[in-house]
Amino acid sequence: MTGVEDDDPLLSIGAFARRARLSPKALRLYDRQGLLAPDRVDAVTGYRYYRESRLATARLIVRLRGLDMPLARIAEVLTAPAPEAAALVAGYWEGVERRVAAQRELAVHLRIQLSGGREGMDMYEIKQREVPEQLVLTERRHVRPEDLPVWIPQACDRLEEEAKAYGGVFAAPFVVYHGQVNEDSDGPAEVCVPIDPARAADVTTAVRTEPAHREAYTTITKAQVEYPQILSAYEAVYQWIEANGGRETGPSREVYFADWAASGPATEVCDIAVPMA
């Protein structure tokens, strides 16, 4: 220890590393990344020294690394005011939880796929319901799986804004898949927002009538909506229809009934449905 100020002495890199529970190698890395530069570097020996008061910052870095936070994100936390820094940590961890929840569902999907498609299907509760005829505003396009999380909410927002001219949204929006959407096919898909059928004569934008039908469906969480694990839910519905002597009579669809932005990974947000006879 080399004392420069009695109330905040300089520590050698070795002493500082031990007290911070870091290695000298890590401290040198954090210096290069601009996270924790030494307070003094000896011009002759190149030895690095750190003020004792910097231990709090070093220990905070250790804890943030314990969350697997990238160094670039840590730099943002270290330079932000206290309330903002806390919000940055909370936002990062929410993202981790969403990613882990999606990965958990992906692991389930892969297990089902690799077992031949049968194992785990009992995790989906299949129900039936009658759906009345609906008048829907629509937006249709060819789309890839990676584009769906952007296009669907944007299209819903556009159509819901249009629906205000006709009394607002009349029932839960849904997405109809007129063709497969996967690595080899781009649909097309169609976003539908129901409006009051009594306003049919007033509509000047793209609109069509969705026929009344019976459908089999299962409800899934926000994490389960992620591609490709959502395919397991579709497969469960199709298998149920076949096992019960049914027959699909129309394209599959996703019915979104919850506030997507406000929902957590485990919140039920969507029905996977297939019209059937």
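Is Y177 buried or exposed, and at what relative accessibility? At 10% relative accessibility, Y177 is buried. That is a handy way into the aromatic contacts of this structure, which is a predicted model.

**Aromatic pairs**

Searching the whole structure turns up 3 aromatic pairs. One of them joins F16 and Y50, whose rings are stacked, with 4.6 Å from centre to centre and 20° between the planes. F16 belongs to helix α1 (residues 13-20) and Y50 to strand β3 (residues 48-51), so this pair links parts that are 34 residues apart in sequence. Both F16 and Y50 are buried.

Now back to Y177, which has Y234 as a ring partner. Their centres lie 6.5 Å apart and their planes stand at 90°, so this pair is edge-to-face. Y177 sits in strand β6 (residues 174-177) and Y234 in helix α7 (residues 230-243), so the pair ties together parts 57 residues apart in sequence. Y234 counts as buried at 10% relative accessibility, and Y177 is likewise buried at 10%.

**Charges over rings**

Two tyrosine rings also deserve a look for the arginines placed over them. Here are the partners with their distances from the ring centre:

| Arginine | Ring | Distance from ring centre |
|---|---|---|
| R40 | Y49 | 5.2 Å |
| R129 | Y217 | 3.8 Å |

R40 lies over the face of Y49, while R129 places its charged end over the ring of Y217.

Notes: Residues are numbered from 1 along each chain as its sequence is written. This is a predicted model: local features need pLDDT of at least 70, side-chain atom pairs count only at pLDDT 80 or more; totals for chains, interfaces and linings use all residues. Side-chain values use heavy atoms; hydrogens and water are left out. Rings of Phe, Tyr and Trp (its six-membered ring) pair if their centres lie within 6.5 Å; planes under 30 degrees apart count as stacked, over 60 as edge-to-face and the rest as tilted. Helices (H or I, at least four residues) and strands (E, at least two) are DSSP runs, numbered from the N terminus. Buried means under 20% relative accessible area, exposed over 50%, partly exposed in between (1.4 Å probe, protein chains only). A charge sits over a ring if NZ of Lys or CZ of Arg is within 6 Å of the ring centre and within 35 degrees of the ring normal.
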